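This report covers a ligand site, several charged pairs and some buried residues. Please look over the structure first.

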Amino acid sequence: MQQLLKSLGDVTAVIGAQWGDEGKGKLIDLLTPHFDILARASGGANAGHTIVVQGKKHVFHLLPAGSLHEGKTIVLGSGMVIHLPTLLEEIETLKKAGIDVLPRLKISRAAHIVTEEHKERDAALEKAREGGGIGTTKRGIGPAYTDKAARHGKRMESLLGKEVPKEWKEAAELLVPCITDTVSLLHDALAEKKSILIEGAQATLLDIDHGTYPYVTSSSTTAAGALQGLGLSPRALHSCIGVAKAYCTRVGGGPFETEANEVDGNRLRERGGEYGATTGRPRRCGWLSIPDLLFACRINGFTHVNLTKLDVLDEEKEIPVLFQGGMKKLPGWKQSTAGITSFEKLPKEAQSYVKIIEGEINVPVSFIGTGPGREEMIVR
Ligand code: IMP
């Protein structure tokens, strides 16, 4: 494991390979101790990860998943859209738990601000769309990026001015010391041989350019998008870990070729706890698609893959998988893999499931999740 972590290099990105909720947070938690800086590049409070603070579950939307680890610099990059009350709430929640992130929080001057009007517009647009809409998280993401592209958005640097609108006063008082030129900060850090863990938000198939448009989010969710959002050169990236569930889920509308029938979908949802962290919505559940995974490998240049939640498939007799030539059923293993930490201890059908995927995508599946706990991961 130490050898693998060393081989990742100074700049590593963790990128969702499907439609989000692949379990990126757990991998980030595992990798965080080995990096100096945690950086989020794009998206906003549409993302959500559950963090247990002093035995209590909290859902965070803006702060990176590794923020609980003391001593790490936290960067919210230029490609992000930030809802100030949500950020203040997350800072406060951590403060109450004895963790003061403010001294190590760096927010890009160029990140955009999500307003209450953006949220209202998001909801109104969804209502006006036919056929149930996109199924957005109603966090104002689309309208905030619309205003950014139209060049009349408000950026975090607005908080630095003397005339701050009164609804932003509280945020300004707290956050002004954190607002900075994060591009220079990251480049200076690299010059000092510091390491950066880039935390991708949402996922490849939700990308505004390459996803299942119009059923996508409004930002660039790929590795290239993450580098752009942080102002890092494409040559800066050493490793890119794609995260994919051993099956597949999607929240909101849009195509889902491998979506399971109701009975199978309900079983996967209950076994996998597939309910949205941000909206609580039940996730649509289905099977792994190799063509989609290959597409994500191409777009992002994955050097490694993390296959998550393998144990959710433990009770399946046969596991449908979409290959280039069509749907095939692979044999299940019908025994528990929960908590297994060594590849050799997996039942042989589970080993072969992983190896078949690996063979198809030609990228090593170096991390395999076997349960929600931090230690429940095979690293190979
Ligand atoms: P928006 O990003 O709120 O505009 O939502 C657009 C689409 O992206 C909807 O289908 C959302 O369900 C989906 N989406 C946005 N963020 C996430 C995420 O973090 N996980 C999963 N789906 C997401």
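Is arginine 267 buried, partly exposed or exposed? Arginine 267 is partly exposed, with a relative accessible area of 30%; buried stands for under 20% relative accessible area, exposed for over 50%, and partly exposed for in between, with a 1.4 Å probe and protein chains only.

The model is predicted: local features need pLDDT of at least 70 and side-chain atom pairs pLDDT 80 or more, while totals for chains, interfaces and linings use all residues. Residues are numbered from 1 along each chain as its sequence is written, and side-chain values use heavy atoms, with hydrogens and water left out.

**Charged pairs**

The structure holds 18 salt bridges, a salt bridge being a side-chain nitrogen of Lys or Arg within 4 Å of a carboxyl oxygen of Asp or Glu. The table lists some of them.

| Pair | Closest N and O atoms |
|---|---|
| Arginine 267 and aspartate 264 | 3.1 Å |
| Glutamate 316 and arginine 267 | 2.7 Å |
| Glutamate 274 and lysine 245 | 2.9 Å |

Arginine 267 and aspartate 264 both lie in helix 9, 3 residues apart, about one turn of the helix. Helices (H or I, at least four residues) and strands (E, at least two) are DSSP runs, numbered from the N terminus. Glutamate 316, in the loop between strand 13 and strand 14, is 49 residues from arginine 267, and their salt bridge links distant parts of the chain. Glutamate 316 is buried, at 4% relative accessibility.

Glutamate 274 lies in the loop between helix 9 (262-272) and strand 12 (284-286) and lysine 245 in strand 10 (residues 239-245), so their salt bridge ties together parts that are 29 residues apart in sequence. Glutamate 274 is buried at a relative accessible area of 0%, and lysine 245 is buried with a value of 0%.

Aspartate 311, in the loop between strand 13 (304-308) and strand 14 (318-323), is buried yet has no salt bridge. The nearest side chain of opposite charge (Lys and Arg count as positive, Asp and Glu as negative; His and the chain ends are not counted) is arginine 271, 5.2 Å away.

**The ligand**

An oxygen atom of the ligand is 2.6 Å from an N or O atom in the side chain of threonine 137. A polar side-chain atom of threonine 217 also lies 2.6 Å from a ligand oxygen atom, and one of glutamine 202 lies 3.3 Å from a nitrogen atom of the ligand.

**A covered helix**

In helix 8 (residues 223-230), 6 of the 8 residues are buried, among them Ala223 and Leu230. Glycine 231 follows helix 8 and has a positive phi, near 75 degrees.

How values were computed. A polar contact is a pair of N or O atoms within 3.5 Å; within protein, one must be able to donate a hydrogen and the other to accept it, and residues adjacent in sequence count only if both atoms are side-chain atoms.
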